[in-house]
Amino acid sequence: MNILQINSSARRLHDGQGSVSTLLANEVVAGLVARNPGAKTTVHDLAANPLPPMDEATLGALFTPGEQRSTDQQARVALNDSLIGELQAADVVVLAAPMINFGVSSQLKNWIDAVARAGVTFRYGANGPEGLVTGKKVIVVTTRGGVHRGQPTDNVVPYLKVALGFLGMTDVDFIYAEGLNMGPEATAQGLAGARADIAAVLA
């Protein structure tokens, strides 16, 4: 089994302190590895090593024929190619997706922009778009300071369902840790609920 873990918090995790989404995603991956001895894990911590945004220079590199790209353009496309290769090779994708101002973090958006490429991870045909990244299991750990599950304020889950599905990833489980900024009791309940979700997903 190949496991790809994407930590997209703006905070790193230090000695159990910091990013709760990363903490819980680590627990998901540890559970997967325990159940699949010999599993290979690739981890990207986008707080420690953020990805560049989809800007004009990136678009210029992607739309320039390979043989005409400058050294900088070649390096930029090679970075996205490597991220796409990791996604294609993965059997399970674990996304740590904290809610930031009602949406996903810029770090996670940059990763999605990097791996979404026409003709490679999706294509347009006579019947519309077709996702080419198929056969993956995706587990999303989403953390929130308040309680947003099933509410109009939750733009994380709808967006990720659309974005992942567009690329062909439709087998997606969501693990919620909510109320994390609402006091110690709410935090404890949010973490306990998330860990119960993790146990159910891994069962």
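Helices here are DSSP runs of H or I with at least four residues, numbered from the N terminus. In this predicted model, helix 1 covers residues 20-35 and contains Thr22. Thr22 has a relative accessibility of 4%, and because buried means under 20% relative accessible area, Thr22 counts as buried. Setting aside residues up to four places away in sequence, Thr22 touches Gln5, Asn7, Ser9, Leu13 and Ala96.

Helix 1 also holds Glu27, which takes part in one of the salt bridges. A search of the whole structure finds eight salt bridges. Glu27 pairs with Arg195, and the closest N and O atoms are 2.8 Å apart. Arg195 lies in helix 6 (residues 184-202), so the pair ties together parts that are 168 residues apart in sequence. Both partners are partly exposed: Glu27 has a relative accessible area of 28%, and Arg195 has one of 36%.

The next region is built around helix 3 and helix 4. Helix 3 spans residues 71-89 and helix 4 spans residues 106-115; their axes come within 8 Å and cross at roughly 90°. Angles of 65 to 115 degrees count as roughly perpendicular, and helix 3 and helix 4 are therefore roughly perpendicular to each other. On the helix 3 side, the contact is made by Asn80, Leu83, Ile84 and Leu87. Helix 4 contributes Trp111, Ala114 and Val115 to the contact.

Helix 4 contains a salt bridge of its own. The side chains of Lys109 and Asp113 meet with an N to O distance of 2.9 Å. These two residues both lie in helix 4, four residues apart, which is about one turn of the helix. Lys109 is partly exposed, at 32% relative accessibility.

Another salt bridge joins Arg117 to Asp81, with 2.7 Å between the closest N and O atoms. Arg117 is in the loop between helix 4 and strand 6 (122-125), while Asp81 is in helix 3; the pair links distant parts of the chain, 36 residues apart. With a relative accessible area of 18%, Arg117 is buried, whereas Asp81 is partly exposed at 37%.

Arg117 also leads to helix 2, where Leu62 is placed. Leu62 touches Met54, Arg69, Val77 and Arg117, not counting residues up to four places away in sequence. Leu62 is partly exposed, with 23% relative accessibility. Its C-alpha is 9.6 Å from that of Asn80, and the two residues are 18 apart in sequence. Gln74 is 12 residues from Leu62 in sequence, with a C-alpha to C-alpha distance of 9.0 Å. Gln74 is found in helix 3 and is partly exposed, at 41% relative accessibility. Leaving aside neighbours within four places in sequence, Gln74 is in contact with Gly66 and Arg69. Arg69 is thus named among the contacts of Gln74 and among those of Leu62.

Met54, also touched by Leu62, lies in the loop between strand 4 (40-45) and helix 2 (56-62). Met54 is partly exposed, with a relative accessible area of 30%. Together with Leu59 and Phe63, Met54 makes a nonpolar surface patch of about 310 Å².

Elsewhere in the chain, Lys137, Asp171 and Asp173 are linked in a network of salt bridges.

How values were computed. Residues are numbered from 1 along each chain as its sequence is written. This is a predicted model: local features need pLDDT of at least 70, side-chain atom pairs count only at pLDDT 80 or more; totals for chains, interfaces and linings use all residues. Side-chain values use heavy atoms; hydrogens and water are left out. Patches are made of residues with over 30% relative accessible area and no salt bridge: like charges are joined within 9 Å, nonpolar side chains (Val, Leu, Ile, Met, Phe, Trp, Tyr) within 5 Å. Accessible areas come from the Shrake-Rupley method with a 1.4 Å probe; for residues, only the protein chains shown count as cover. A salt bridge is a side-chain nitrogen of Lys or Arg within 4 Å of a carboxyl oxygen of Asp or Glu. Buried means under 20% relative accessible area, exposed over 50%, partly exposed in between (1.4 Å probe, protein chains only). Axes are lines fitted to C-alpha atoms, for helices over the stretch in contact, and angles run from 0 to 180 degrees between N-to-C directions. Angles under 35 degrees count as roughly parallel, over 145 as roughly antiparallel, 65 to 115 as roughly perpendicular and the rest as oblique. Contact means heavy atoms within 4.5 Å.
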